[in-house]
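Biologist: I should like to learn how to read a structural model, one feature at a time. Where should a beginner start?

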Amino acid sequence: KSFYGDKERLLFHADLGMAFLRSGDLKKADQELKLADEIIDEMYKKDLPGTVMAFTLSEGMTEFSGEAYEQVQVPVFRALINAELGNWENAAAFSRRANDRIKENIRVLSKAHGYQIDPADAKSKTEKSIAWHYVADAFAYYVASVAYHNQGDLENSLVAARNSVSA
């Protein structure tokens, strides 16, 4: 833990969670990823655009909040762990959390650039108007599709599968 320092709690718990996952200890992996997830939630409760600006001006002064894709992948891996344990309801819930984080990234991006980005059109709009940003995740949508399907929610499964293909 001392290797990571106080400002890298998110990275520490995410890395430890992935190490436990690779070793096959799903319960400990989920515990560590839960801590990482809570740190991300803590960051969202703060002023995220302000945090990004502070990070840009003085990188060493702020706590690492994770890249956008990392903020989405934590709940995706928690969904996979729950799927492996046969808990499809939790897998679907974590898939929804990943989707919510993608939407939050779009909201922050919209605010930062001064106009509304429609989540349905986010990928094409960002590619055309402001350099590429993380606004869709095919893997996250695919995991959601499988989780919804195994829960019997075929309508949401189909929507997530379509989102996966178009991401």
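**Reading a helical chain**

Modeller: One begins with one helix and asks which of its residues are hidden from the surroundings. This is a predicted model. In α2, the buried residues are Leu-26, Ala-29, Asp-30, Glu-32, Leu-33, Ala-36, Asp-37, Ile-39, Ile-40, Met-43 and Tyr-44.

Biologist: How many helices and strands are there in the chain?

Modeller: The chain has eight helices and zero strands. Of its 167 residues, 38% count as buried. Among contacts with a separation of 6 or more, 61% join residues 24 or more positions apart.

Biologist: What span should the 20 residues of helix α2 have?

Modeller: The expected span follows from a rise of 1.5 Å a residue, so the 20 residues of α2 (residues 26–45) should span 28 Å. The end C-alpha atoms of α2 are 28 Å apart, which agrees. The test can be repeated on α4: its 17 residues should span 24 Å, and its end C-alpha atoms are 25 Å apart, which agrees.

Biologist: Which residues of α4 are buried, and what follows that helix?

Modeller: The buried residues of α4 include Val-72, Gln-73, Val-76, Arg-78 and Asn-82. After α4 comes Gly-86, whose phi is positive, near 80°.

Biologist: How does one read a nonpolar core, and which residues have the most contacts inside the largest one?

Modeller: A nonpolar core is a set of buried nonpolar residues joined through side-chain atoms within 4.5 Å. The largest here has 13 residues, and those with the most contacts inside it are Val-72, Val-76, Ala-98, Ile-102 and Ala-140. The elements that give two or more residues to this core are α4 (68–84), α5 (88–113) and α7. The largest share, five residues, comes from α5. A second, separate core has 12 residues, including Leu-26, Ala-36, Ile-39 and Tyr-44.

Biologist: A charged residue raises another matter. Is Asp-137 buried or exposed, and what is its nearest side chain of opposite charge?

Modeller: One first locates the residue and then examines its surroundings. Asp-137 is in the loop between α6 (122–129) and α7 (138–151). Asp-137 is buried yet has no salt bridge. The nearest side chain of opposite charge, that of Arg-101, is 11 Å away, whereas a salt bridge requires the charged atoms to be within 4 Å.

Biologist: What, then, lies around Asp-137?

Modeller: A polar atom of the Asp-137 side chain lies 2.8 Å from the backbone nitrogen of Ala-140. Leaving aside neighbours within four places in sequence, Asp-137 is in contact with Val-72, Gln-73, Ile-102 and Ala-167. Two of the residues named earlier for the largest core, Val-72 and Ile-102, are among these contacts.

Biologist: Why does Ser-164 count as buried?

Modeller: The limit for a buried residue is a relative accessible area under 20%. Ser-164, in helix α8 (residues 154–166), has 15%, and therefore counts as buried. A polar atom of its side chain lies 3.0 Å from the backbone oxygen of Ala-138. Not counting residues up to four places away in sequence, Ser-164 touches Ala-138, Tyr-141 and Tyr-142.

Biologist: How should one read Ala-93, and where does that residue lie?

Modeller: Ala-93 lies in helix α5. Its relative accessible area is 32%, so Ala-93 is partly exposed. One may also compare separation in sequence with separation in space. Ala-93 and Tyr-148 are 55 residues apart in sequence and 9.4 Å apart in space, C-alpha to C-alpha.

Terms used:
Residues are numbered from 1 along each chain as its sequence is written. This is a predicted model: local features need pLDDT of at least 70, side-chain atom pairs count only at pLDDT 80 or more; totals for chains, interfaces and linings use all residues. Side-chain values use heavy atoms; hydrogens and water are left out. Helices (H or I, at least four residues) and strands (E, at least two) are DSSP runs, numbered from the N terminus. Buried means under 20% relative accessible area, exposed over 50%, partly exposed in between (1.4 Å probe, protein chains only). Lys and Arg count as positive and Asp and Glu as negative; His and the chain ends are not counted. A polar contact is a pair of N or O atoms within 3.5 Å; within protein, one must be able to donate a hydrogen and the other to accept it, and residues adjacent in sequence count only if both atoms are side-chain atoms. Contact means heavy atoms within 4.5 Å. The expected span of a helix is 1.5 Å times one less than its number of residues.
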